[in-house]
Amino acid sequence: MGESTQPFKILLSKDLSELKQVAGEIIKFAGSEKVWLFEGEIGAGKTTLIKEICKGLGVSENVSSPTFALVNEYLGTNSNSIYHFDFYRLKSETEALDIGSEEYFSSGNICLIEWPSKIESLIPPHHLRISLKVDNNQQRIFHLSKT
């Protein structure tokens, strides 16, 4: 998988049948980025997209939102750990620190983070940001950017 040199990219999906292709494009665009941030309103499709991305990364187990556990771990290709966070219910960044979020983020493994706005000061400077929006025609718009 080659590393993308583009700083941003926009992808569109009319329905779920196109999500596998979108996930593949995101994986390709991410290159060596390990921290991926997923932003979007409730129901925008963050967890559904993460499920498809995990399939693309070789995860064969069930992928579900870690809303109450805060983090789930999956094994991807070559048994590499993939961490999936959901900080929606977080009341303070201290809760993220208490579960060792900084150690996860610096582990060198892919970290998929839903609701990163809840822990903005803990986000590593280098990351991939994926913003999901649903337009009036129920088309999903994915804005990808690297920092």
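Good morning. I begin with one side-chain pair: Asn-72 and Tyr-74 are joined through their side chains by a polar contact of 3.4 Å. Please keep in mind that the model before you is predicted.

Let me stay with Asn-72 for a moment. This residue belongs to strand E3, which covers residues 71-75. Is Asn-72 buried or exposed? Its relative accessibility is 18%, and because buried means under 20%, Asn-72 counts as buried. Leaving aside residues up to four places away in sequence, Asn-72 touches Ser-64, Ser-65 and Pro-66, and also Ile-82, Tyr-83 and His-84.

I turn now to the pockets. The largest pocket holds about 280 Å³ of space. Its lining is made up of 17 residues, and those closest to the centre are Lys-34, Leu-57, Asn-80, Ile-82 and Ile-110. Ile-82, then, appears here as well, having already been named among the residues that Asn-72 touches. As for character, the lining of the largest pocket comprises 9 polar, 6 nonpolar and 2 charged residues.

The second largest pocket has a volume of about 160 Å³. Here 14 residues form the lining, with Gly-43, Lys-46, Thr-47, Glu-114 and Trp-115 closest to the centre. Which helix gives the most to this lining? That is helix H2, residues 46-56, which supplies 3 residues. In the second largest pocket, the lining divides into 6 polar, 4 nonpolar and 4 charged residues.

To close, I return to the opening pair: in this predicted model, the buried Asn-72 makes its side-chain polar contact with Tyr-74. Thank you for your attention.

Terms used:
Residues numbered from 1 in each chain as written. Predicted model: local features only at pLDDT ≥ 70, side-chain atom pairs only at ≥ 80, totals over all residues. Heavy atoms only, no water. 1 Å grid on protein atoms, 1.4 Å probe; cavity = no way out; pocket = protein on both sides within 12 Å on 5 of 7 lines; lining within 4 Å. Points joined across faces, edges and corners; volume = space filled by probe spheres on them. Nonpolar A, V, L, I, M, F, W, Y, C, P; charged D, E, K, R; others polar. Helix = DSSP H or I, 4+ residues; strand = E, 2+ residues; numbered from the N terminus. Buried < 20%, exposed > 50% of the residue type's maximum accessible area, 1.4 Å probe, protein only. Polar contact = N/O pair within 3.5 Å; in protein donor to acceptor, adjacent residues only side chain to side chain. Contact = heavy atoms within 4.5 Å.
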